[in-house]
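Biologist: Please put the model up, and then we can go through its ligand sites.

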Amino acid sequence: MRYDRIWLDGRLATPLSGRPGLAVIEKAAVAARSGRIAFVGPMADLPNGWDAAERVSLDGRWIMPGLIDCHTHLVYAGSRADEFERRLAGASYEEIARAGGGIASTVRATRAANEEQLVAESLPRLDRLLAEGVTAVEVKSGYGLDLESETRLLKAARRLGVQREVSVVATFLGAHALPPGAGDKDKHIDDVCAWISLLKRDGLADAVDAFCEKIAFSPEQTARVLATAKAAGLPVKLHADQLSNLHGAALAARYQALSADHLEYTDEDGVSAMAASGTVAVLLPGAFYVLRESHVPPIEALRRHGVAMALATDCNPGTSPITSLLTVMNMAATLFRLTVDEIIAGVTREAARALGRLAEIGTLEVGKFCDLAIWDIERPAELVYRIGFNPLHARVWHGR
Ligand code: DI6
Ligand code: FE
């Protein structure tokens, strides 16, 4: 067997597709051929007569799957530092949104930016994620809110994946907020539903998301978006039960959503509906932290019902201006009491599942893309335990 590249003498930790926990292999090797994993396991199990165009010795460093940030809004223009100051002075996120700030203020800045400017403003955010070993990222639209601007935003997201060695999943979030100046939410939902098939036809959206919340769209309006997406053949996701319990988790489950995200106010019925539909819980402790939320997602119920838990940055200019998935991993431990194994699975296997990409990424198994994060650490818990420290030694995307 001739490989393109082989990494030798590493310590390997990966979740596996069908099993809980992390598989750990000492004295391990990973080999890539044509961008895919051609061998993974103990060096002693390498096939007789193997050869490789390039060999890399890891001196006992840890090899894990590349990290996956499965929920971001990282393409936008402008800054909301002014609102941050108003919130420090006592204004609430909802008050600011009702007064025309919040998402609407980023929409105004984003509409004023052309595609090049959007890419240029977003690349530094993406680069921070990549520097921590992220090899796949989801990017939502939702700061354009008219067809032309949403299209531009989704094209900018696709271009990020051309300009950097990273897999980009683009999600259409036209039902994020009412466009500035618009008065009728039902009319906006009509528009969003009409745009879905156009974006699907042009290959610009891999999935559809919506924000089901009192300050955004009702369960009925959200259901129209999800039904239209499913009918167009696109998988759905949902911002559910972030600020109040509108039974968004159960609604997402009704449409076999890939994921329901946030879930701070989800109740046990919502969790059991998610378990039945195989919907992943995407937990976003960055937004929880920034909003000083005190209502923790129902972690114990999610565990009890066997719902997969993923973690993501929710990188956005309002509620989660964070570009560090490692910091989010620490927050998930400290704020949500997830275990180290749950957290590592949450940014690899479960994040891949939340994107519908588990067959391709998220674990180190033969046939998947060879996306690796190689760490200068003594044990996996160090990735979660330290704050503001980046022990990435090397990042590999599709075998390179
Ligand atoms: N939930 C959030 O936390 C973000 N969007 C959403 O649906 C907030 C986005 C923003 O404030 O710009
Ligand atoms: Fe979000």
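Modeller: Four donors count as tetrahedral if all angles lie between 85 and 135 degrees, and as square planar if opposite donors are over 155 degrees apart and all others between 65 and 115; anything else is irregular. This is a predicted model, with local features needing pLDDT of at least 70 and side-chain atom pairs pLDDT 80 or more, whereas totals use all residues. Residues are numbered from 1 along each chain, ligands from 1 in the order written, and side-chain values use heavy atoms without water.

Biologist: What is the site of the iron ion (ligand 2) in those terms?

Modeller: Its protein donors (N, O and S atoms within 2.8 Å of the metal) are His71, His73 and His239, each through NE2, and Asp314 through OD, at 2.1 to 2.3 Å. Along the chain their spacing is H-x1-H-x165-H-x74-D. The angles among the 4 donor atoms run from 82 to 168°, and the site is irregular.

Biologist: How much of ligand 1 does the protein bury?

Modeller: Around ligand 1 are 14 residues (a heavy atom within 4 Å), with Arg80 and His176 among the closest. Oxygen atoms of ligand 1 lie 2.6 Å from a polar side-chain atom of Tyr143 and 2.7 Å from one of Thr319. A nitrogen atom of ligand 1 is 3.1 Å from a side-chain N or O atom of Gln242. Of the 320 Å² that ligand 1 exposes alone (Shrake-Rupley, 1.4 Å probe), the protein buries 100%.

Notes. A polar contact is a pair of N or O atoms within 3.5 Å; within protein, one must be able to donate a hydrogen and the other to accept it, and residues adjacent in sequence count only if both atoms are side-chain atoms. Donors are N, O and S atoms within 2.8 Å of the metal (3.2 Å for Na, K and Ca); water is not among the atoms, so sites may look incomplete. Four donors count as tetrahedral if all angles lie between 85 and 135 degrees; four count as square planar and six as octahedral if opposite donors are over 155 degrees apart and all others between 65 and 115; anything else is irregular.
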